[in-house]
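This briefing is intended for a reader who is meeting the structure for the first time. The sequence and the model are shown below, followed by notes arranged by topic.

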Amino acid sequence: MGFAEGYLEKHVTGQRLIRKDPDPELSIIAIIPCYNESGLIKSLDSLFLCDTAGIKAEIIVFINASENSGDDILIQNERTYQDTLNWIEGHAHPDLHFHVISNNSLPSKYAGVGLARKTAMDEAVRRFSMIGNPGGIILSLDADTLLESNYLTSIYSHFLTHSKSDGCSIYFEHPIEGDEFGTEIYRAIIQYELHLRYYVSATAYTGYPFAVHTVGSSFAVRALAYCQHGGMNKRAGGEDFYFIQKVAQNGRFSKCTTTRIIPSPRPSDRVPFGTGPAISRILSNPGLPLHTYN
């Protein structure tokens, strides 16, 4: 019986999603929820180019949509699914195994990034339980993030050094210049990232002991700790904040600053709040500064 059997029986209603058995030496699983997304391949390329140094890792992509989603979303999801299958076929790697799962019929009452992240993370827990690895590392990413080449090795080393850590936030920087986006988007993300960093610093200044960044594309958690804290929630937005705060408040949550995650600064309406909607609001009020907390 695996260490996660109790959690899986109580918190997971679905069956095993990946039929291929995990490598017995599997130590890292990165999960990527993907909804109405056209830029996933760039993220997969970034992961494929990461150093592994023999670390056995998997990437689970969960393409998802609500049962009430429109045809345009379903068409994009199907295109992404087929593109991902083709990409996987052409990218064999001795240490990395890529899996893609698709479900465009999530119940409308719960459909959203929380349920999608939970579904993929639950599957990661199941796979670590199958090989008896409660210390397995689950990485949470988004479908529009890029990574430095030492992403996997740095996080693996971080957990070796911080052996009692149940999870960690991972350093991130949005791009603030380049040719991919317009000047107004780079100006907006500078304001928003300053707000994020000010918020954590100011919270720490008050004496609050669990002041950490809570960004869905830049955190990690051990498989056993994930189970002990009841797994990811099903919130349609802010799921990362509530989950990370829950794990951090046991006092065994660290910060990994030896690598960098590069999230996209693009505007988006995929979630009710977070980076994408914040950038959209800033762009809709040109010339006005972004307010933060007093």
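Ala53 counts as exposed, because its relative accessibility is 75% and exposed residues are those over 50%. The structure described here is a predicted model. Ala53 lies in the loop between helix 2 and strand 2, the latter formed by residues 56-66, and its phi is positive, about 50°, although Ala53 is not a glycine.

**Backbone angles in the loops**

- Most residues other than glycine have a negative phi.
- Asn36 is a residue other than glycine with a positive phi, near 50°.
- Asn36 is placed in the loop between strand 1 (26-34) and helix 2 (40-48).
- With a relative accessible area of 26%, Asn36 is partly exposed.
- A positive phi, near 65°, is also found at Gly132, which follows helix 4.

**The nonpolar cores**

- The largest nonpolar core is made up of 40 residues.
- Within this core, the residues with the most contacts are Ile32, Ile59, Val61, Leu139 and Tyr151.
- A second core, separate from the largest one, has 33 residues, including Ile18, Leu26, Ile60 and Tyr226.
- Ile32, when its neighbours within four places in sequence are left aside, is in contact with Leu40, Leu44, Leu47, Ile59, Ile60, Val61, Phe62, Leu141, Asp142 and Ala143.
- Two of the partners of Ile32, Ile59 and Val61, are themselves listed among the residues with the most contacts inside the largest core.
- Another partner of Ile32 is Ile60, a residue that belongs to the second core.

**Helix 4 and the second largest pocket**

- Helix 4 spans residues 113-130 and has 18 residues.
- From its first C-alpha to its last, helix 4 reaches 26 Å, close to the 26 Å expected at 1.5 Å a residue.
- Helix 4 is largely enclosed by the rest of the structure, because 16 of its 18 residues are buried.
- The second largest pocket holds about 400 Å³ of space.
- Its lining consists of 19 residues, and those nearest the centre of the pocket are Val12, Thr13, Gly14, Leu115 and Thr119.
- Strand 3 and helix 4 are the elements that give two or more residues to the lining of this pocket.
- Helix 4 provides the largest share of that lining, with 6 residues.
- Sorted by class, the lining of the second largest pocket comprises 8 nonpolar, 6 polar and 5 charged residues.

**Two serines in strands**

- Ser102 lies in strand 3, which covers residues 96-106.
- At a relative accessible area of 32%, Ser102 is partly exposed.
- Not counting residues up to four places away in sequence, Ser102 touches Phe62, Ile63 and Tyr81.
- Ser102 and Phe128 are 26 residues apart in sequence, and their C-alpha atoms are 21 Å apart in space.
- Ser169 lies in strand 6, formed by residues 167-172.
- Ser169 is buried because its relative accessible area is 7% and buried residues are those under 20%.
- Beyond the residues up to four places away in sequence, Ser169 touches His213, Ser218, Phe219, Phe253, Ser254, Lys255 and Cys256.

**Helices 6 and 9**

- Helix 9 is formed by residues 275-284, and its buried residues are Gly276, Pro277, Ala278, Ile279 and Ile282.
- These buried residues of helix 9 pack against helix 6, which runs over residues 183-205.
- Thr203 is found in helix 6.
- Thr203 counts as buried, with a relative accessibility of 16%.
- Once its neighbours within four places in sequence are set aside, Thr203 is in contact with Tyr208 and Ala211.

**Helix 5 and Thr161**

- Thr161 has its place in helix 5, which consists of residues 151-161.
- Thr161 counts as exposed, at 63% relative accessibility.
- Thr161 and Ala111 are 50 residues apart along the chain, and 37 Å separates their C-alpha atoms.

Definitions and conventions
Residues numbered from 1 in each chain as written. Predicted model: local features only at pLDDT ≥ 70, side-chain atom pairs only at ≥ 80, totals over all residues. Heavy atoms only, no water. Helix = DSSP H or I, 4+ residues; strand = E, 2+ residues; numbered from the N terminus. Buried < 20%, exposed > 50% of the residue type's maximum accessible area, 1.4 Å probe, protein only. Contact = heavy atoms within 4.5 Å. Core = buried A, V, L, I, M, F, W, Y, C linked by side-chain atoms within 4.5 Å. 1 Å grid on protein atoms, 1.4 Å probe; cavity = no way out; pocket = protein on both sides within 12 Å on 5 of 7 lines; lining within 4 Å. Points joined across faces, edges and corners; volume = space filled by probe spheres on them. Nonpolar A, V, L, I, M, F, W, Y, C, P; charged D, E, K, R; others polar. Expected span 1.5 Å × (residues − 1).
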